[in-house]
Amino acid sequence: MTPLLEVEGLTKHFELGRNETVHAVDDVSLAIAPREIVGLVGESGSGKSTFGKTLLGLHDKTAGTVRFKGEELPARYGAAHFRRYARAMQMIFQDPYSSLNPRMTVGEIVGEGLKLHTRLGSAEIRERVTEWLTRVGLNAGHLSRYPHEFSGGQRQRIGIARALIMAPEFVVCDEPISALDVSVQAQVVNLLAELKESMGLTMLFIAHDLSMVRYVSDRMAVMYLGSLIELGPANRVFFHPKHPYTQMLVGSNPEPDPASERHRPATAIRGEIPSPVNVQPGCRFANRCPQVMDMCRAETPALKAVADEGAGERIVACHLY
Ligand code: SF4
């Protein structure tokens, strides 16, 4: 199937001066098929959010290409590019507390994209906003209220309505549940799964919680210190992780599912993710890896296809394979 989104060698560095460079995202390639959800996991500082924002032009690209429906997107977005792509690609932000303008009503927030990017009149915008509030479990009575009057889960629903009212084809969900109570997380994930089915959405779902990612995603991608280190069908990566980092990440997942077939690895994740400043050659996980070998510190492992019993391609960047 022709991918909806093709990312090749995407790199995002931030120059700090004094010859210091933050390697936030390094040479990441990934293709996402229409109606596919790819879950992107990794610790804080792994580059997940920067990858998502660079995809959508919220950061300029340092190198690499992003093609949407075969069309190469610019390395640096101007206002005209945002106008052009706003309807096709949207982002649902991490923090429902800071991403909604406190001085705007819910009706204004959800309808803002339609007002800026369409020729719809105010009555029609109000009708669409009401329809979307209902779709995400709110109602017309909320139109004239302000964000501070809502709970975290309700604010995230407002953020979802604001993004999806534009009928985008591709959505980046950047940690959409991490600021929410555990009891509300499942509701928001279920809402996204339902909207994915009803709208035929294609999504990059960035999250910490591997159980949620497995539940909502077709494939799971794992990032570590700016690099993609494992990619495969979500269930296979979750139940049979191959890269030592993924094994630790699964082992330290905060919400084990006792009814699952998953065998928790004996090792939980240890140590801190290293600084992304001036990253050296060699495996980026070498200082935390229990299976490190001499060659790991000298040679950067390339991503390669590895044998897997399940259906679908499995790629891993590790000298063990
Ligand atoms: Fe561990 Fe070496 Fe594999 Fe890196 S390449 S994950 S250090 S075994």
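The following paragraphs describe aromatic rings, charges placed over rings, and a surface patch in a predicted model.

The aromatic rings offer a starting point, as six aromatic pairs are counted in this structure. One of them joins Y77 and Y85 in a tilted arrangement, with 5.8 Å from centre to centre and 45 degrees between the planes. Both Y77 and Y85 are buried. These two residues also belong to a cluster, in which ring pairs link Y77, F82 and Y85.

Another pair is formed by Y224 and F285. Their ring centres lie 5.0 Å apart and their planes stand at 85 degrees; because planes over 60 degrees apart count as edge-to-face, this pair is edge-to-face. The pair connects distant parts of the chain, since the two residues are 61 residues apart. Y224 lies in strand β9 (residues 219–224), whereas F285 is found in the loop between α9 (244–251) and α10 (294–298). Y224 and F285 are both buried.

Rings also take part in contacts with charged side chains. The charged end of K12 is placed over the ring of F14, at 4.8 Å from the ring centre. In a second case, the charged end of R145 sits over the ring of F150, 5.1 Å from its centre.

The surface remains to be considered. Here M293, M295, L320 and Y321 make a nonpolar patch of about 300 Å². Of these residues, Y321 is located in the segment after β12 (315–316). Its relative accessibility is 33%, and Y321 therefore counts as partly exposed, a class that lies between buried, under 20%, and exposed, over 50%.

Definitions and conventions:
Residues are numbered from 1 along each chain as its sequence is written. This is a predicted model: local features need pLDDT of at least 70, side-chain atom pairs count only at pLDDT 80 or more; totals for chains, interfaces and linings use all residues. Side-chain values use heavy atoms; hydrogens and water are left out. Patches are made of residues with over 30% relative accessible area and no salt bridge: like charges are joined within 9 Å, nonpolar side chains (Val, Leu, Ile, Met, Phe, Trp, Tyr) within 5 Å. Accessible areas come from the Shrake-Rupley method with a 1.4 Å probe; for residues, only the protein chains shown count as cover. A salt bridge is a side-chain nitrogen of Lys or Arg within 4 Å of a carboxyl oxygen of Asp or Glu. Helices (H or I, at least four residues) and strands (E, at least two) are DSSP runs, numbered from the N terminus. Buried means under 20% relative accessible area, exposed over 50%, partly exposed in between (1.4 Å probe, protein chains only). Rings of Phe, Tyr and Trp (its six-membered ring) pair if their centres lie within 6.5 Å; planes under 30 degrees apart count as stacked, over 60 as edge-to-face and the rest as tilted. A charge sits over a ring if NZ of Lys or CZ of Arg is within 6 Å of the ring centre and within 35 degrees of the ring normal.
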